[in-house]
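Here are some exercises to work through with the model open beside you. Try each task before you read its solution.

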Amino acid sequence: MKNLNYISFISSLAMIFLQADSGWTMEMHHQHGKKAFLDIQGHWAQMPITELVNSGVINGFEDGTFRPMGDVTREQFVTMLVQAKGYDLVRGKASFSDVAETRWSNPYIETAMKVGVMAKGEYGSSFSPNQPISRQEMAIMAARSLALPLNEKALSFKDRAKVKRHEGLIGAAVQAGIVTGFPDGTFRPAERVTRAQAAVAIARASNYNPNVKEVTLVAKEAPWQVSSDRTQIVWAFNGTVPGTEIRIKEGNTLRAKVVNGLPEPVTIHWHGIPLPNPMDGVPGMTQNAVQPGQSFIYEFKADKPGTYMYHSHQKGVEQVNKGLFGALIVEEKDPKVHYDRDYALMLDAFGMNGKTGEMIPKLPVQNGDRVKLRLLNIGRTEYDVYLHGVEYKVTHTDGQPIHQPRSIQNTLLTIAPGERYDLEFIADSSQETYLAKVIQGNVLTASRVDFQFPGQSEDRQSHPIAANTLFDLTEYGQAIEEFSHEWVAFDVEYEMVLDKNERDEYTINGKVMHDLEPILVNKGQKVKVTMRNIDKEDHPMHLHGHFFQVLSRNGKLISGSPLWKDTLNVRPGETYEVAFITDNPGNWMFHCHKFQHAAAGMGTSISYRDYLLHFTPDPNAGNQME
Ligand code: C2O
Ligand code: CU
């Protein structure tokens, strides 16, 4: 919902519940550690309720319960809704004889009257503020508060006849998913609303966005033609490698339903994009893995434009390699640059976009086109890529803009697993133009994509490659004067020494993931992490849920554009300092994006001290996050 101050809504929810129940205590807010209300563990509303709790205000009874079945009165519900919407409060009126000007809920009820959440005359001269609110009343108020279009047709319940008025409004709330029916096909309009139902409906109304992009991703086994002479069985989303390319406009909400048609559990991690912790897709850390035959809905607002990806986070080494990945593109709402072409190319263990050699489709362009090429590495190793035939700019890394990039050519760009780079160039039909992976100075024809101009001949020439420079991100683009001054004092400093031991375990500070203590933070802190690679392999370190700013490499401040990234390749012998603000409560992985390294130990997590776990880990779910 636009203009919604979520925190103020949460406060109001807590306040209402505080008023409703004297057993509600603020003390629990100050206790640290993970806990869950005893009586909502495994409850269908556990996730939304705890999300609300985590947004800054506590609630719960001293005895550790939430009492999800308790009643919600009319005045409580109206107050929540009015505060959620952030209307200016009306004072000094008393439309109902039983809601005196001095009553605590009076300004909320008067405001609801004024803005039309309640219609004049609807309740007569008395409101009965203490009466439990019914499901139909809740639906009517929610629909009006969101100005939803009337929708009688959505009311297709067995007991539809029990709805005597405002069918269009109630139907609208059903259509928008704010209030739903029961599994037995009834709506039960007159039934009272429980605390759990009210919390869920308000949370849904708060997150409601008419601009929702819905996708269904079915994870299943499928035959996939990789090259002209090889078809193999892959695990894929919707039967293709990569899975369905998801494009969404900045500000819109993605609602992605994953359906597990595989013989083992699966999850989806939305790589790079900041989202609420429950949607992060890490089995055992943010959710229980989705079991065979089951489904799970991921829903989040895509606030940051950029190039991201999605992939399974369950047994990444196996599942990602088998093909469970795809591209997620968040397009700018008001693009500053117009592109004639916008292509996403996933560099993977197959080659490019799940294909190899001649099977890699050519990308159509016309002379003079401004082309955006998004490169995403979802493979097991870093790739050097070479763009032949044109000058280009590297405009973004990990989806985030690079300040004033200059044109380059004959340059090898290294892209490590988990990293993304956006390139921009003007197509020139007088030049053969292609992008290829390069190994030891040679173009890998198996991993080469050609840009196809109209009328151009089909055969591909092989040229010796002219690349003589290695791209250096730390010196690329223009510096912005102020940037280093933002980071003066840090609340948390952590050093990670990246290595491998004689047991072939990949370690951080000599330990593997399960022996490492999480990095504990509070909300609103400045954190500096120093990463030092004393091993012989590259380690692309990826942080979930946040972007970090790269401050220095080998003790030298970044001299080019400010760099905001979520994945940073630390090469042998290198030391990087990065910094970020803790603005996204939860438990977040920080790991090497070579899944084989993460599975062999190279990972840890950032853990917010006050974060209340929003789900109950199930030891039988087979959760395996690496
Ligand atoms: Cu793309 Cu934790 O991963
Ligand atoms: Cu690694």
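What follows is a short note on conventions, then five tasks with solutions.

This is a predicted model, so local features need pLDDT of at least 70 and side-chain atom pairs count only at pLDDT 80 or more, while totals for chains, interfaces and linings use all residues. Residues are numbered from 1 along each chain as its sequence is written, chains are lettered from A and ligands numbered from 1 in the order in which they are written, and side-chain values use heavy atoms, with hydrogens and water left out.

**Exercise 1. The copper site**

Task: find which protein atoms are the donors of the copper ion (ligand 2), and work out their spacing along the chain.

Solution:
- Start with the cut-off: donors are N, O and S atoms within 2.8 Å of the metal (3.2 Å for Na, K and Ca), and since water is not among the atoms, sites may look incomplete.
- The search turns up His539 (ND1), Cys592 (SG) and His597 (ND1), lying 2.0 to 2.1 Å from the copper ion.
- Written as a pattern, the donors give H-x52-C-x4-H.
- Now place two of them: His539 lies in strand β24 (residues 539–543) and Cys592 in strand β30 (residues 587–592), so the pair ties together parts that are 53 residues apart in sequence. Strands (E, at least two residues) and helices (H or I, at least four) are DSSP runs, numbered from the N terminus.
- Last, check burial: His539 and Cys592 are both buried. Buried means under 20% relative accessible area, exposed over 50%, and partly exposed in between (1.4 Å probe, protein chains only).

**Exercise 2. Two nonpolar cores**

Task: say which residues touch the most other members of the largest nonpolar core, then look up the contacts of Met496.

Solution:
- A nonpolar core is a set of buried Ala, Val, Leu, Ile, Met, Phe, Trp, Tyr and Cys residues joined through side-chain atoms within 4.5 Å.
- The largest one holds 90 residues, and Trp270, Leu328, Leu423, Met496 and Met541 touch the most other members.
- Strand β20 (residues 492–500) gives the most to this core, with four residues.
- Skip the neighbours of Met496 within four places in sequence, and its contacts (heavy atoms within 4.5 Å) include Ile508, Ile519, Met541 and Phe590.
- There's also a second, separate core of 42 residues, with Phe127, Ala143, Leu155 and Leu169 among them.

**Exercise 3. Two covered helices**

Task: decide how many residues of α6 (residues 167–175) are buried, and do likewise for α5.

Solution:
- Count α6: eight of its nine residues are buried, so this helix is largely enclosed by the rest of the structure.
- The buried set runs through Glu167, Gly168, Leu169, Ile170, Gly171, Ala172, Ala173 and Val174.
- What do the buried residues of α6 pack against? They pack against α5 (135–145).
- Count α5: eleven of its eleven residues are buried, and these pack against α3 (74–85), α6 and α7 (195–207).
- Look just past each helix: Ala147, just after α5, takes a positive phi of about 50°, and Gly177, following α6, has a positive phi near 80°.

**Exercise 4. Val163, between the helices**

Task: is Val163 buried or exposed, and which residues does it contact?

Solution:
- Val163 sits in the loop between α5 and α6.
- At 5% relative accessibility, Val163 counts as buried.
- Leaving aside neighbours within four places in sequence, its contacts are Gln136, Leu155, Ile170 and Pro189.
- For scale, the C-alpha atoms of Val163 and Phe325 are separated by 46 Å, and these residues are 162 apart along the chain.

**Exercise 5. Unusual backbone**

Task: look up the peptide bond from Val241 to Pro242, then the phi of Asn238 and of Asn353.

Solution:
- Keep the background in mind: most residues other than glycine have a negative phi, and most peptide bonds are trans.
- The bond from Val241 to Pro242 is cis, with omega near -10°.
- Pro242 lies in the loop between β2 (230–237) and β3 (246–249), and Asn238 is in the loop between β2 and β3 too.
- Asn238 has a positive phi near 60° and, at 27% relative accessibility, counts as partly exposed.
- Asn353 has a positive phi of about 45° and lies in the loop between β9 (341–347) and β10 (363–364).
- With a relative accessible area of 22%, Asn353 is partly exposed.
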